[in-house]
Amino acid sequence: MSDCLFCKIVAGEIPSTKVYEDAHTYAFADTNPQAPTHVLVVPRQHFSDIADLARDAEASAGYLAGIRGLVEQEQLSDFRTVFNTGAGVGQSVFHVHAHVLAGRPMGWPPG
Ligand code: AMP
Ligand code: ZN
């Protein structure tokens, strides 16, 4: 998608701090971290949100494998994975991304 921030990051047109990548997935540091570890994981292919991605079984499997790859590489045992879906709950970039958060205690339910 030509006008998508995260497509541009995946393409290297906008700089990012890479944390992990594989054939299907790219992961980079969030510029406004909410925890000591705050990584955004995106599929290289553009999908607007998790519901859009879920329509494509192959891409979904590749994406989940990418999240696993990140978690294994970073040796995360306790982490929170958040998908904001829709502007009403705070989605601001409409290229699906998991927030992977770790490194501090986190309450439940979230506020
Ligand atoms: P969301 O509000 O769930 O759509 O999450 C978007 C996230 O992208 C926010 O946590 C932002 O801090 C983060 N963000 C925005 N622009 C960039 C960027 N250029 N590089 C890294 N993270 C970004
Ligand atoms: Zn995109």
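1. Let's start with a cross-strand pair: Val 39 stands opposite Val 100 in β5. Please keep in mind that this is a predicted model. The two strands involved, β3 and β5, run antiparallel and are joined by five bridges.

2. β5 also has a partner in β4 (residues 80–82), again antiparallel, with three bridges between them. Here Arg 80 is the residue that stands opposite Leu 101 of β5.

3. How much of β5 is buried? Five of the five residues in this strand (residues 98–102) are buried, so β5 is largely enclosed by the rest of the structure. Side chains in a regular strand alternate between the two faces of the sheet. In β5 both faces are covered: one side carries Ala 98, Val 100 and Ala 102, the other His 99 and Leu 101, and all of them are buried.

4. Now to the metal. The zinc ion (ligand 2) is held by the SG atoms of Cys 4 and Cys 7 and the ND1 atoms of His 46 and His 95, at 2.0 to 2.3 Å. Along the chain, these donors follow the spacing C-x2-C-x38-H-x48-H. Cys 4 and His 46 link distant parts of the chain, 42 residues apart: Cys 4 lies in the segment before α1 (5–10), and His 46 in the loop between β3 (37–43) and α2 (50–54).

5. The geometry of the zinc site is tetrahedral, with angles of 106 to 117 degrees among the four donor atoms. For comparison, the ideal angle for four tetrahedral donors is 109.5 degrees.

6. Are these two zinc ligands buried or exposed? Cys 4 is buried, at 6% relative accessible area, whereas His 46 counts as partly exposed at 23%.

Methods. Residues numbered from 1 in each chain as written. Chains lettered and ligands numbered in written order. Predicted model: local features only at pLDDT ≥ 70, side-chain atom pairs only at ≥ 80, totals over all residues. Heavy atoms only, no water. Donors = N, O, S within 2.8 Å, 3.2 Å for Na, K, Ca; no water. Tetrahedral: all angles 85-135°; square planar, octahedral: opposite > 155°, others 65-115°. Helix = DSSP H or I, 4+ residues; strand = E, 2+ residues; numbered from the N terminus. Buried < 20%, exposed > 50% of the residue type's maximum accessible area, 1.4 Å probe, protein only. Pairing = 2+ DSSP bridges.
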